[in-house]
Number of protein chains: 2
Amino acid sequence: MKRFYQYSDSTNKDGNFYDIEEELFYFKSKYQKIEVFKTFNHGLMLVLDDIVQFTEKDEVFYHEMMSHPAICIHKSPKNILIVGGGDCGVLSNLVKYNFIDSITLCEIDEQVINVSKNFFPFFSDSLSDKRVSLKINDGFAYLSSQKNMYDIIIVDSTDPETIASSLFKGNFYEEAFYALKEDGILVAQAETPLLAEYKELRKMIFSNLKSKFKYVNFIFFPMPCYPTGYFSAVLASKRYSPFDLSKDEIKNKISQLNLKYYDEQIHFSTLTISHMFENLLK
Amino acid sequence: MKRFYQYSDSTNKDGNFYDIEEELFYFKSKYQKIEVFKTFNHGLMLVLDDIVQFTEKDEVFYHEMMSHPAICIHKSPKNILIVGGGDCGVLSNLVKYNFIDSITLCEIDEQVINVSKNFFPFFSDSLSDKRVSLKINDGFAYLSSQKNMYDIIIVDSTDPETIASSLFKGNFYEEAFYALKEDGILVAQAETPLLAEYKELRKMIFSNLKSKFKYVNFIFFPMPCYPTGYFSAVLASKRYSPFDLSKDEIKNKISQLNLKYYDEQIHFSTLTISHMFENLLK
């Protein structure tokens, strides 16, 4: 029986492990190693370059928190871009909203899309929604070609030490700013707040975004299959404060969606940064 | 090099791991196996019967959340009982408050106290505080002998499948109710909210407490060294709602304490139960 180890950081001294019932898929694409495992307790697990992307059991935390807070904050989100997100987990959350007109998914690695089609139909069925456009393209290059196009951009990337490195650089955030409309919102994964080795990254993300966007807020949420079990995303908004909406507004938007984690209470509690996390940005 | 595995649940198929730099202590006491490890990234780690109790790096989450919310909710906490807590982590948080008159620590296993004295002086130095009384006694038996004595009781125990099993039973909560004064508050660890195998336990805790106490609320917080990285405690209060205090009241009580995690924002956000967790109690 194979035991898969997910190391917490580059020292490789601790982390999570999963005993693997079956390796369902192994492929080295042009960009990365792609693996799909069947675990004993967590359902299917997608691993890219040895980093767990999600397990079926745990995916709700990450995918819901990357999707719904921005949709609720924006007064009228119509056009959305997902950068990365080839597993279609975020996409499957967005297609639930009737008021969205178009969703563009820009994934660099077509093989991830194919893996989702083969193993994660509960995500990839969303690709057949008529509002969805799929671009197989480099996220940075694609984004740079877009001006004043999107209400929301969601950066659902792998970690900064992978092929996604260009998505964590200052000029990426600048291009994202210009690709957004005048009241647009950027959402990006911002790594775990509890690991020292991402401290400089988080400060860089914050200061870059703060130089362009009116509101920059981190959200914190559980994600058991990521190192430390805790993760963060950053919301950068040109016009709407993430605090400036009522619980009823959130309830009204999501009441029909059968979400498992995100709701009007979680919205505000995950935005709360204690002084512990404020210190992480200093 | 030894690798320590912390399994998530009784299937032993997944969990956390830590490479061990040095095993500093190994002893089989009358009650349990006690180990102290030096880890590479998390400082010292206390393990009782193969279950991680804390690491130096992560202990703040658990120990602060077991200690400070109840102190802030209670209008005038003077006399406090800790059941278990032999590592002195909770005790070291309580002695920070000048307005507390007495703290009784009732730990069944004197060897845990000795380990704390030897390896965790940053916790056990609090034993020398004049307000502290140490009882080496069974928590259930001791508690049952106390009536109308305490403002706050904190149950800082190991898991229900260990020597602490009597501390998770209905009549324990009843005895705790009578050991508390008329405006008393009980705090007890309530396991991780994300593991199915604790669902029945949590429902039992909730219904038992709800039959006696006016307010019963769970708090959720990160605890990276526990399975899933997320943990909970329950607050049962005879008179004071945990929501019925202002941020300024909390600030005033804790401003001089140099806490690392808990603050007036975390107080309210950790009390927030999304429908996901509400469903866990059904």
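Trainee: How many salt bridges does the rule find across the interface of chain B and chain A?

Mentor: Zero. Keep in mind that this is a predicted model. Polar contacts do turn up across that interface: 19 residue pairs, both at pLDDT 80 or more.

Trainee: Which parts of chain B touch chain A?

Mentor: Strand 1 (2-7), strand 2 (14-28), helix 1, helix 9 and helix 10 (275-280) of chain B each supply at least two residues to that side. Strand 2 of chain B gives the most, with six residues.

Trainee: How many residues does the contact take from each chain?

Mentor: 43 from chain B and 43 from chain A. Together the two chains bury about 3,300 Å², with 56% of it on carbon and sulfur atoms.

Trainee: Which three residues of chain B supply the most area there?

Mentor: Lys13(B), Phe17(B) and His275(B). They supply 18% of the area that chain B buries against chain A, more than any other three residues.

Trainee: New topic. What domains does chain A have?

Mentor: The domain assignment gives domain 1 (2-55) and domain 2 (59-280). Their C-alpha centres lie 23 Å apart. The contact takes 22 residues from domain 1 of chain A and 22 residues from domain 2 of chain A.

Trainee: What area is buried between domain 1 and domain 2 of chain A?

Mentor: About 2,100 Å², and carbon and sulfur atoms give 68% of that. Tyr31(A), Gln53(A) and Phe54(A) supply 27% of the area that domain 1 of chain A buries against domain 2 of chain A. No other three residues supply more.

Trainee: And how many salt bridges between those two domains of chain A?

Mentor: Zero. The rule does find five residue pairs in polar contact across that interface, both at pLDDT 80 or more. On the domain 1 side, strand 2 (14-28), strand 3 (33-39), strand 4 (44-48) and strand 5 (51-55) of chain A each supply at least two residues.

Trainee: So how many salt bridges does the structure hold over all chains?

Mentor: 21. One of them joins the side chains of Lys2(A) and Glu23(A), at 3.7 Å from N to O. Lys2(A) lies in strand 1 (residues 2-7) of chain A and Glu23(A) in strand 2 of chain A, so the pair ties together parts that are 21 residues apart in sequence.

Trainee: Are those two buried or partly exposed?

Mentor: Partly exposed. Lys2(A) has 36% relative accessibility, and Glu23(A) has 33%.

Trainee: Which other salt bridge does Lys38(A) give us?

Mentor: Lys38(A) pairs with Glu21(A), the closest N and O atoms being 3.8 Å apart. This pair links strand 3 of chain A to strand 2 of chain A, 17 residues apart.

Trainee: What about chain B, say Glu175(B)?

Mentor: The side chain of Glu175(B) meets that of Lys147(B) in a salt bridge, 3.1 Å from N to O. Glu175(B) sits in helix 6 (residues 170-179) of chain B and Lys147(B) in the loop between helix 5 (139-144) and strand 9 (150-156) of chain B, so parts 28 residues apart in sequence are tied together. Glu175(B) is partly exposed at 21% relative accessible area, and Lys147(B) is partly exposed at 45%.

Trainee: Switching to helix 8 of chain B. Which of its residues are buried?

Mentor: Ile250(B), Lys253(B) and Ile254(B), in a helix that covers residues 247-254. Down the helix axis, the buried residues fall within an arc of 80 degrees, so they line one face of helix 8 of chain B.

Trainee: Why would residues three or four places apart point the same way?

Mentor: An α-helix has 3.6 residues a turn, so that spacing brings them round to the same direction.

Trainee: What do the buried residues of helix 8 of chain B pack against?

Mentor: Helix 1 (59-73) and helix 9 (264-271) of chain B.

Trainee: Last one. What is the phi of Asp49(B)?

Mentor: Positive, about 45 degrees, although Asp49(B) is not a glycine. Asp49(B) lies in the loop between strand 4 (44-48) and strand 5 (51-55) of chain B. Asp50(B) is in that loop too, with a positive phi of about 70 degrees. Most residues other than glycine have a negative phi.

Key. Residues are numbered from 1 along each chain as its sequence is written. Chains are lettered from A and ligands numbered from 1 in the order in which they are written. Side-chain values use heavy atoms; hydrogens and water are left out. Buried means under 20% relative accessible area, exposed over 50%, partly exposed in between (1.4 Å probe, protein chains only). Helices (H or I, at least four residues) and strands (E, at least two) are DSSP runs, numbered from the N terminus. The arc is that of the directions from the helix axis to the C-beta atoms. Contact means heavy atoms within 4.5 Å. Domain bounds come from an automatic or database domain assignment. Buried area is the accessible area (1.4 Å probe) that two parts lose on being put together, summed over both. A salt bridge is a side-chain nitrogen of Lys or Arg within 4 Å of a carboxyl oxygen of Asp or Glu. A polar contact is a pair of N or O atoms within 3.5 Å; within protein, one must be able to donate a hydrogen and the other to accept it, and residues adjacent in sequence count only if both atoms are side-chain atoms.
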